[in-house]
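Trainee: Hey, got a minute? I've just opened this one and could use a walk through it.

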Amino acid sequence: MYGFADGLARLGYLFAVRQRRIALESLSIAFEREKDKSEIAAIAKACFAVMAKGMVELIYLMEHPELIRSKVKIEGRENLEQAFNEGKGVIGVSAHFGSFPLLLLRLVQEGIKTNAIIRFARDEKIERYFQAKRQELGLNTIYSTPRKTCVDNSIKVLRNNEFLFIPVDQNFGSGGVFVEFFGRQAATATGPVIFAQRTGAPILPMFIVREKDNSHRIIIEPALHIEERENNEATIQHNISRITRIIENYIRIYPQEWGWIHRRWKSRPV
């Protein structure tokens, strides 16, 4: 399985010219003063390998879910338990980092009512396949559009003291706030902070890292609670910045785990 994925990654890096170019550009933006071209190229190649392994592995493990528990370990479980003890639901924040779908499926296996905000895939057949598998394995999907339905369903599951997963690492255009990410302003979704304000739910940063033996480790950080500032706009900006700094820190430690083929800094402040 992993040999096939490595071959797929090499082909992808060679022939997916647009994605390779975006990855190299994104890495250059993030590490322009820290890494030379050879280091950036090495991370880009490793990123393609991680994505290929994650895709092949996910399809296999969704067909063999009994293997997930032994494949994915959890570190910081006490932080998750403490967050749930507040009784207001838990907002899990992360990024398109590592094999994050395995993180969600592992939480489901812990008996946690897990919901994930997900965008529709561009290909309808692929979306139908993954939605059917998510449903079969007990992971509830909350689609990001229509927006009102997404917000209503998200508030509902939090008020039921359930887990809501939100990746907040992609360009959000004009609908978010601009916060610093690798030294540049990046348009970022505000959902986690808005939901926390409305429900009182703690925000729990969490990430999944691939180990050398191709097992995985979920790292659950201590909960964040809303820190108030002089007005609501400043409060949202400040707390989204806190989350983004944590995400950036994990990407710096494990740069190959993040999806560099996304144009994170595409939107610019007016």
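Trainee: Let's start with Asn161: buried, partly exposed or exposed?
Mentor: Bear in mind that this is a predicted model. Asn161 has a relative accessibility of 28%, so it counts as partly exposed.

Trainee: And where is Asn161 placed?
Mentor: Look in the loop between α8 and β5, where β5 covers 163-167. Its phi is near 60°, which is a positive value in a residue other than glycine.

Trainee: Why would I care about the sign?
Mentor: Most residues other than glycine have a negative phi.

Trainee: Okay. What phi does Phe182 have?
Mentor: Phe182 has a positive phi of about 55°, and it is not a glycine either. You'll find Phe182 in the loop between β6 (177-181) and β7 (184-188). Phe182 is buried, as its relative accessible area is 5%.

Trainee: Which two residues does the cis peptide bond join?
Mentor: Thr145 and Pro146, with omega at about -5°. Pro146 belongs to the loop between β4 (140-143) and α8 (147-159).

Trainee: Switching to rings. How many aromatic pairs does the structure hold?
Mentor: It holds 16 aromatic pairs. Take Phe31 and Trp260: the ring centres are 5.8 Å apart and the planes sit at 55°, so this pair is tilted.

Trainee: Which parts of the chain does that pair link?
Mentor: Distant ones: Phe31 is in helix α2 (residues 17-31) and Trp260 is in the segment after α10, 229 residues apart. Both Phe31 and Trp260 are buried.

Trainee: What about Phe97 and Phe207, how are their rings set?
Mentor: Their centres are 5.5 Å apart with the planes at 75°, so that pair is edge-to-face. It also links distant parts of the chain, with Phe97 in the loop between β2 (90-94) and α6 (100-109) and Phe207 in strand β8 (residues 203-210), 110 residues apart. Phe97 counts as buried because its relative accessibility is 1%. Phe207 is buried too, with a relative accessible area of 1%.

Trainee: Which residues form the aromatic cluster?
Mentor: Phe31, Phe181, Phe182, Trp258, Trp260 and Trp265 form one cluster. So Phe31, Phe182 and Trp260 turn up again there.

Trainee: Which charged end sits over the ring of Phe31?
Mentor: That of Lys35, 5.1 Å from the ring centre. Elsewhere, Arg20 lies over the face of Tyr13, at 5.7 Å from the centre of that ring.

Trainee: Back to β8. How many of its residues are buried?
Mentor: Eight of the eight, so the strand is largely enclosed by the rest of the structure. Ile203, Pro205, Phe207 and Val209 point one way, while Leu204, Met206, Ile208 and Arg210 point the other way.

Trainee: In which sense does β8 pair with β2, parallel or antiparallel?
Mentor: Parallel, over three bridges. There, Gly92 stands opposite Leu204. With strand β9 (residues 216-220), β8 pairs in the antiparallel sense over five bridges, and Met206 stands opposite Ile220.

Trainee: What's in the hairpin of β8 and β9?
Mentor: Five residues lie between the strands, and in that hairpin Asn214 takes a positive phi near 70°.

Trainee: Last topic. How many cavities of 30 Å³ or more are there?
Mentor: One, with a volume of about 30 Å³. Its lining is made up of Ile203, Leu224, His225, Ile226, Asn239, Arg242 and Ile243.

Trainee: Where does the largest share of that lining come from?
Mentor: From helix α10 (residues 232-253), which gives three residues. By class, the lining has four nonpolar, two polar and one charged residues.

Methods: Residues numbered from 1 in each chain as written. Predicted model: local features only at pLDDT ≥ 70, side-chain atom pairs only at ≥ 80, totals over all residues. Heavy atoms only, no water. 1 Å grid on protein atoms, 1.4 Å probe; cavity = no way out; pocket = protein on both sides within 12 Å on 5 of 7 lines; lining within 4 Å. Points joined across faces, edges and corners; volume = space filled by probe spheres on them. Helix = DSSP H or I, 4+ residues; strand = E, 2+ residues; numbered from the N terminus. Nonpolar A, V, L, I, M, F, W, Y, C, P; charged D, E, K, R; others polar. Phe/Tyr/Trp six-rings, centres within 6.5 Å; stacked < 30°, edge-to-face > 60°. Buried < 20%, exposed > 50% of the residue type's maximum accessible area, 1.4 Å probe, protein only. Lys NZ or Arg CZ within 6 Å of the ring centre and 35° of its normal. Pairing = 2+ DSSP bridges.
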